[in-house]
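Biologist: Please take a close look at a single part of this model, the strand pairing, and work outward from there. Keep it connected and leave out the background.

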Amino acid sequence: MAERNLADADPVSEILAWLQQSAVAAEALGGHGRVSGVAEAPWPHLLIGHGPGGSLRSLTWATEPEVTLEVYGDPGGWPGKAELRRILLRCAQDAQGIVEAPHVPGRPVINGVRPSGLLIWAPLVDGQPRWLMNLSVTIHP
């Protein structure tokens, strides 16, 4: 088997796959198919992407990059600020479950997922509701 390196340890892919199959995320968001890497209908929708910070440590084994979670409501304002916040926090808490999941050979090892920074209310310019937060993910190949 080929040796894996840090470039193969993508926290976004791992958290995205985890939440896409999550019953907790599906229930919070109102159904499956509402977690992706793109802000798209159906609403509410959870977008998973690379965060702005974190630590690459020494670039020799484990890193601690940030993953951004953004939950979008319907452009008409539904389901509301408080409910979107609740959805985002439930999904973030569920993402922490990946740490305790059995390791799949050939996949990166994630041994830490914790909030990084604040929960931020950041509606789009057109008024579409959005909350976002970052998770710090400790990962190695």
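Modeller: Among contacts in the protein chain between residues at least 6 apart in sequence, 60% join residues at least 24 apart. That figure, like everything below, comes from a predicted model. The chain has three helices and five strands, and from the N terminus on the elements run α-α-β-β-β-α-β-β.

The five strands form an open sheet with the order S1-S2-S3-S5-S4 and mixed pairing. Strand S1 (35-36) and S4 are the edge strands, each pairing on one side only. Strands of a sheet pair through backbone hydrogen bonds, either parallel or antiparallel.

Starting at the S1 edge, S1 and S2 pair in the parallel sense over two bridges. Ser36 has Leu47 in S2 as its bridge partner. Strand S2 (residues 45-55) then pairs with S3 in the antiparallel sense, over eight bridges. Here Leu46 stands opposite Val71 in S3. On to S5 (residues 130-140): S3 and this strand are antiparallel as well, paired over seven bridges. Val71 turns up again, standing opposite Trp131 in S5, and Leu69 has Met133 in S5 as its bridge partner. At the other edge, S4 and S5 run antiparallel and are joined by nine bridges, with Ile139 in S5 as the bridge partner of Ile110.

S3 is the strand to look at in detail. Strand S3 covers residues 64-72, and nine of its nine residues are buried. In a regular strand the side chains alternate between the two faces of the sheet. In S3, Glu64, Glu66, Thr68, Glu70 and Tyr72 point one way, while Pro65, Val67, Leu69 and Val71 point the other way. Both sets are buried, and three glutamates are named in the first of them.

S5 can be read in the same manner. Eleven of its eleven residues are buried. Arg130, Leu132, Asn134, Ser136, Thr138 and His140 point one way from S5, and Trp131, Met133, Leu135, Val137 and Ile139 point the other way. For the chain as a whole, 45% of the 141 residues count as buried.

Now take one residue of S3. Val67 sits in that strand. Its relative accessibility is 0%; the cut-off for buried is under 20%, so Val67 counts as buried. Not counting residues up to four places away in sequence, Val67 touches Pro11, Val12, Ile15, Ile48, Gly49, Gly51, Met133, Asn134, Leu135 and Val137. Of these, Ile48, Gly49 and Gly51 fall within the range of S2, and Met133, Asn134, Leu135 and Val137 within that of S5. Pro11, Val12 and Ile15 lie in the range of helix H1 (11-20). Val67 and Leu118 are 51 residues apart in sequence, and their C-alpha atoms are 13 Å apart in space.

Leaving S3 toward helix H3 (81-95), the chain passes through a loop that holds Pro75. Pro75 has a relative accessible area of 44%; partly exposed is the range between 20% and 50%, so Pro75 belongs there. With residues up to four places away in sequence left out, Pro75 touches Trp43 and Gln128. Pro75 and Gly53 are 22 residues apart in sequence, with 29 Å between their C-alpha atoms.

H1 and S4 also appear in the lining of the largest pocket. That pocket has a volume of about 260 Å³. Helix H1 (11-20) and strand S4 (109-121) are the elements that give two or more residues to its lining. The largest share, three residues, comes from H1. The lining has 13 residues in total, and Ile98, Pro102, His103, Val104 and Pro108 lie nearest the centre of the pocket. By class, ten of the lining residues are nonpolar, one is polar and two are charged.

As for overall dimensions, the C-alpha trace spans about 50 × 25 × 20 Å along its principal axes. The radius of gyration is 15 Å, which agrees with the value near 14 Å that a compact globule of 141 residues would have.

Note on methods:
Residues are numbered from 1 along each chain as its sequence is written. This is a predicted model: local features need pLDDT of at least 70, side-chain atom pairs count only at pLDDT 80 or more; totals for chains, interfaces and linings use all residues. Side-chain values use heavy atoms; hydrogens and water are left out. On a 1 Å grid over the protein atoms alone, a cavity is a set of points where a 1.4 Å probe fits but cannot get out, and a pocket is an open set with protein on both sides within 12 Å along at least five of seven lines; lining residues have an atom within 4 Å of a point. Grid points are joined across faces, edges and corners, and a volume is the space filled by probe spheres set on the points. Helices (H or I, at least four residues) and strands (E, at least two) are DSSP runs, numbered from the N terminus. Ala, Val, Leu, Ile, Met, Phe, Trp, Tyr, Cys and Pro count as nonpolar, Asp, Glu, Lys and Arg as charged, and the others, Gly among them, as polar. Buried means under 20% relative accessible area, exposed over 50%, partly exposed in between (1.4 Å probe, protein chains only). Two strands pair if DSSP finds at least two bridges between them. Contact means heavy atoms within 4.5 Å. The radius of gyration is taken over C-alpha atoms; the globule rule is 2.2 Å times the number of residues to the power 0.38.
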